[in-house]
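Biologist: I would like to go through this structure with you. Please tell me how each label is earned.
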Amino acid sequence: MASNAIFTQKNGKLPWNERLSYGISDFACSFSFNLVGTYLMYFYTDVFGITASAVGTLMLVARVIDAIDGPIWGILIDHTHTKWGKSRPFFLWFNAPFTFFSILCFTTPDLPMTWKIVWAHVTYIGVDVLYSAINIPLTSILPSMTTDPDERVLLSTIRSLFSNFGGTLISVIALPLVALIGGKDENKGFFWVAVLGASVFFVLYLIAFFNLREHVQTRSSQKPLPVKQSIKALKNNWPWLIVVMEIFIYWIGMSAKGQVTMYFFKYNLDAPGLISLALFFNAAGIVSVFLTPLVVGKLGKKKTMLAGLMIGIVGQAILRLGAHMLNIPIVIIVGNFGNGFVGALPAVLLSDAVDYGEWKNGVRAEGIVTSASSFTAKFGMGLGGAITGWLLALGNYVPNKTQKASSLLSIEFNYVWIPLIALFIGFVLVLFYNLTTDKEKIMNHDLAIKHHREEQEDLALARELEN
């Protein structure tokens, strides 16, 4: 009988092929899904011809569905037990379905308006639900790859670097490719760019599936967990609650800003040619992601997160000045640096919350604990998109026309003020994060003793059975 006790390769340090495979998995997600996050609202209103208010309602409907499907995916992960592990099989099973629906989102069948809205609901909700199926396992697999805190920070940093690069790359090249492929036919251009993004995702996610491994095995991780047992991991798990609330609020702001980037440069600044350049400067976040392990080593995770949020708040305040003065260089450059710290750490903090749930409640439930990352991020993104659509409608936005002052104000409010408010609320939330570095060391020490005891018990049982 093999031991069921914990095992982590090389005392928690993973080979570079696994580290890089973990990174390219989120490059794939961002390269494909950021096309949806950045351009789909514009595609719906200015290309497909759906009203902004209808798009806002669609975003809200999708979020209601997310409230159901996100936790379900987490529970399914906790119930999964295969030769590939618990999270890794999802990389394979839902690769092709997500690829298919990410293309359907940018198809434009010739339909009456009512059926256009139905088509948008089916394809957007489909890609949204399937994104949970491939992205939640990407977070839930991290605590199963290693228990080493520094290795987790490194893995999350690599993931964020690749994610930022993938998202920035598709944001920058999308419009030039749409123009190159489609010319004046944006329908054709967006469709083939969606095919490109989906193809990149499909190949890279297969590579990630073949290279990643779940090294950390405990008694609970090697068998399906009943739903009631999984939920126990959340009892009084305050680090988990603070992180998921921060993720939710943060993505409301970032989604509102991202959804109106094209509108802001096209209408408020009358500089549509600078859209790709503006999106390129999102890469400023890559610099802070790269610095995350160093800063965490000096300040700890909580203070690093607070620093990132404060930098973002200051950046948005300066951005408000730049927008008011129509100072295009300020608008393009400022406000992205802090996002790297904020984006790199939630996966690490949720992995710590998995450990915390086992430490406090005796239940290790990677799926239900980490599923909140994708669920709350998407819920925040969708609510931000819904707010954007409703505010555009309230401001009397009319596609491809000279905008009224009310419309320009609604665009600016989405681009500047909603992100600033969200960053401030996130900062206040993180102030209450209570898993300090000292407490984390005690937690890890206690869990190591527990896992060693389980290992010895399992070995003794194995010898007894052999005799």
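Modeller: Start with burial: buried means under 20% relative accessible area, exposed over 50%, and partly exposed in between, with a 1.4 Å probe and protein chains only. This is a predicted model, where local features need pLDDT of at least 70, side-chain atom pairs count only at pLDDT 80 or more, and totals for chains, interfaces and linings use all residues. Residues are numbered from 1 along each chain as its sequence is written, and side-chain values use heavy atoms, leaving out hydrogens and water.

Biologist: Why is Phe 27 called buried or exposed?

Modeller: Phe 27 has 11% relative accessibility, so Phe 27 counts as buried. Phe 31 has 5%, so Phe 31 is buried too.

Biologist: What makes Phe 27 and Phe 31 an aromatic pair, and of which kind?

Modeller: Rings of Phe, Tyr and Trp (its six-membered ring) pair if their centres lie within 6.5 Å; planes under 30 degrees apart count as stacked, over 60 as edge-to-face and the rest as tilted. Here the centres are 5.7 Å apart and the planes differ by 10°, so the pair is stacked. Both residues lie in helix α1 (residues 16–48), four residues apart, about one turn of the helix. Helices are DSSP runs (H or I, at least four residues), numbered from the N terminus.

Biologist: What makes the pair of Phe 33 and Phe 98 stacked, tilted or edge-to-face?

Modeller: The ring centres are 6.4 Å apart and the planes stand at 40°, so the pair is tilted. Phe 33 is in helix α1 and Phe 98 in helix α4 (residues 95–104), 65 residues apart. Both Phe 33 and Phe 98 are buried.

Biologist: How do you know that Asp 355 and Arg 152 form a salt bridge?

Modeller: A salt bridge needs a side-chain nitrogen of Lys or Arg within 4 Å of a carboxyl oxygen of Asp or Glu. For Asp 355 and Arg 152, N to O is 2.6 Å, so the pair qualifies. Asp 355 lies in helix α17 (residues 346–361) and Arg 152 in helix α7 (residues 149–182), so the bridge ties together parts 203 residues apart in sequence.

Biologist: What makes Arg 364 a partner in salt bridges?

Modeller: Arg 364 meets Asp 355 at 2.8 Å, N to O. Arg 364 also meets Glu 358, with the closest N and O atoms 2.9 Å apart. Salt bridges that share partners join Arg 364 into one network, with members including Arg 152, Asp 355 and Glu 358.

Biologist: What makes helix α11 mostly covered?

Modeller: In helix α11 (residues 261–268), seven of the eight residues are buried. Among them are Phe 264 and Tyr 267.

Note on methods: Helices (H or I, at least four residues) and strands (E, at least two) are DSSP runs, numbered from the N terminus.
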